[in-house]
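This report goes from the overall fold to the domains, then to one sheet and the ligand site. Please keep the structure in view while reading.

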Amino acid sequence: MKNPNSAGNMVTVPAHQPPPGGYDCIIVGAGPAGSAAAIALCRAGRTVQLLDRQNFPRDKICGDGIPPGSLELLYELGLQAPLEKAGFYPVEQLHFSTPAGQLLKTRFRPKKPGMGFFVAPRRDFDYLLQQQAIVAGAHFQQAQVKGLLRQNGQVCGVQAEIDGQATTISARTVIGADGCTSIVARSLAGIKPAPRHRFLAIRGYIEGLEIFSHAAEFHWYPEILPGYGWIFPLGNERANIGLAMRADRLRRERRKLPDLLNDFLQRPAIKARMRNDARLSGVATWPLNLASQQRVQRAYDGALLIGDAAALIDPFSGEGIHNALRSAKLAAGVIDQALSRNDTSLRMLKQYEQLCRRAFNPVFRRSYWLQQCMHHSPFLIEGLVYLLRKNPRFLAACANRFSLDFHFEAAY
Ligand SMILES: Cc1cc2nc3c(=O)[nH]c(=O)nc-3n(C[C@H](O)[C@H](O)[C@H](O)COP(=O)(O)OP(=O)(O)OC[C@H]3O[C@@H](n4cnc5c(N)ncnc54)[C@H](O)[C@@H]3O)c2cc1C
């Protein structure tokens with residue numbers, strides 16, 4: 001099999017034999033969470049079966065914005081060389097437009113070189129990570145997981161379909177990294193998130209729209225609050241464009257996402273930038289499980305949930321990639337320790353819950369407050385933006401106070 005090595009060059013990887021006693025861990029889903037967890041566990045010397053219902057490269061419906069902090073985590077996993085070689089499109093400015101039409105622009109640079117905010121088509125980004133998981137030693141198999149195997153209440157593998165054949169695969173632990181529609185989460189908890197804790201989103205790729213070079217745009221406007229529309233540049237006059245709206249509002253108002261995307265493109269500030277031959281492609285919709293929902297259990301006897309399967313999407317920004325990577329790192333550490341102690345019970349694995357609470361809750365609380373503010377009291381946001389626009393140095397100071405990753409240089 002041909003795969004890239006850690007420097008991104010293609011090499012031949014020998015066929016992988018399943019270990020005699022079964023895998024240490026089955027990871028369901030080879031998105032950023034699953035591949036990152038696989039790399040971390042393989043680096044710790046564990047045997048990993050990585051399963052995904054799709055073969056790679058594959059598309060993932062997303063804004064393609066790789067948030068700050070993500071690269072740092074990936075560099076820690078040893079992926080600096082292939083990521084630098086991939087040359088994803090760097091973002092250096094953020095443009096926000098508010099429901100009342102105020103415009104706020106900030107320019108920034110990452111505090112550590114090379115570790116900024118990037119836009120990367122998920123087809124390429126996820127493929128890179130999945131390939132690096134294989135290089136690290138994970139055995140990748142295209143398989144649709146249908147359920148879990150249990151022994152005495154302890155998860156000990158999965159039921160899956162491979163090439164149309166039902167099969168079972170055993171392992172000492174299972175990680176559910178299978179995204180917002182996670183079969184692993186449903187098998188473990190059976191909880192469906194309430195519509196007010198879900199965004200439904202639509203994304204497309206646009207050519208022929210005037211793009212502000214290296215600027216990620218966020219457009220909040222009344223028809224979709226507390227959701228927003230985005231334009232994330234990919235270079236060569238191409239951008240990822242889309243919008244997210246809370247599922248309860250979408251349902252209540254009986255709106256359709258394709259109509260809303262059309263309305264977004266017709267907004268005067270966007271339409272004026274559109275060439276006659278502008279072309280939209282790859283339009284598709286997908287849900288986001290927001291971290292505003294309470295009581296999400298993420299650790300079980302023999303199993304952990306990470307990334308979107310664990311409902312770790314920021315309730316304000318809708319970003320989930322950084323949290324997916326961070327949860328993968330935490331889960332891999334806890335599972336490695338549990339395997340060393342030969343105790344993969346909930347009692348041992350539940351420390352992952354504590355680590356998640358510590359890592360994510362302060363940010364999620366702040367983000368949920370901002371989302372609620374946008375929903376019920378957007379005038380507060382307008383007032384804040386008004387003050388920040390009046391005083392760019394104050395804006396930079398505020399931004400720098402909260403940002404661990406960026407130094408904000410100017411606001412205008
Ligand atoms: C429209 C949209 C825009 C977004 N924009 C951004 C953004 O710009 N920045 C950002 O940070 N986040 C964004 N997000 C969120 C981001 O996409 C997710 O948080 C991120 O993909 C989570 O990674 P993950 O690995 O947990 O799950 P995923 O990336 O969803 O990967 C899950 C994997 O599991 C596989 N799988 C699913 N079910 C099974 C099964 N039964 N058996 C086997 N395999 C299975 C899938 O094929 C998939 O490969 C956006 C989301 C949407 C919907």
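What radius of gyration would a compact globule of 412 residues have, and what does the protein chain have? The expected value is near 22 Å and the protein chain has 21 Å, so the two agree. The model is predicted.

**Overall fold**

The protein chain holds 13 helices and 21 strands. Its C-alpha trace spans about 65 × 45 × 40 Å along the principal axes. Of the 412 residues, 46% are buried. Long-range contacts are also counted. Taking contacts between residues at least 6 apart in sequence, 71% join residues at least 24 apart.

**Domains**

The domain assignment gives domain 1 and domain 2, and both are built from separate segments of the protein chain. Their C-alpha centres lie 29 Å apart. The contact between them takes 18 residues from domain 1 and 19 residues from domain 2. On the domain 1 side, the touching residues divide into 11 nonpolar, five polar and two charged.

| Domain | Residue ranges | Residues in the contact |
|---|---|---|
| Domain 1 | 2-64 + 121-193 + 291-369 | 18 residues |
| Domain 2 | 195-290 + 372-411 | 19 residues |

**A three-stranded sheet**

Three strands make an open, antiparallel sheet in the order 5-9-6. Strand 5 (65-66) and strand 6 (89-91) are at the edges. Each has a single partner strand, so one side of each is left without a neighbour in the sheet. Strand 5 pairs with strand 9 (residues 117-119) over two bridges, in the antiparallel sense. Ile 66 stands opposite Phe 118 in strand 9.

**The ligand site**

How many residues surround the ligand, and which are the closest? There are 38 residues around the ligand, and the closest are Gly 31, Gly 63, Gly 179, Gly 307 and Gly 320. Several elements give two or more residues to this shell. The helices are helix 1 (32-43) and helix 9 (321-340). The strands are strand 4 (48-52), strand 11 (144-151), strand 14 (198-209) and strand 18 (274-289). Helix 1 gives the most, with three residues.

By class, the shell has 18 nonpolar, 12 polar and eight charged residues. Both domains take part: domain 1 and domain 2 each supply at least three residues to the shell around the ligand.

Methods: Residues numbered from 1 in each chain as written. Predicted model: local features only at pLDDT ≥ 70, side-chain atom pairs only at ≥ 80, totals over all residues. Helix = DSSP H or I, 4+ residues; strand = E, 2+ residues; numbered from the N terminus. Rg over C-alpha atoms; globule rule 2.2 N^0.38 Å. Buried ≥ 20, exposed ≤ 12 C-beta atoms within 10 Å, placed from the backbone. Contact = placed C-beta atoms within 7 Å. Domains from an automatic or database assignment. Nonpolar A, V, L, I, M, F, W, Y, C, P; charged D, E, K, R; others polar. Pairing = 2+ DSSP bridges. Near = placed C-beta within 6 Å.
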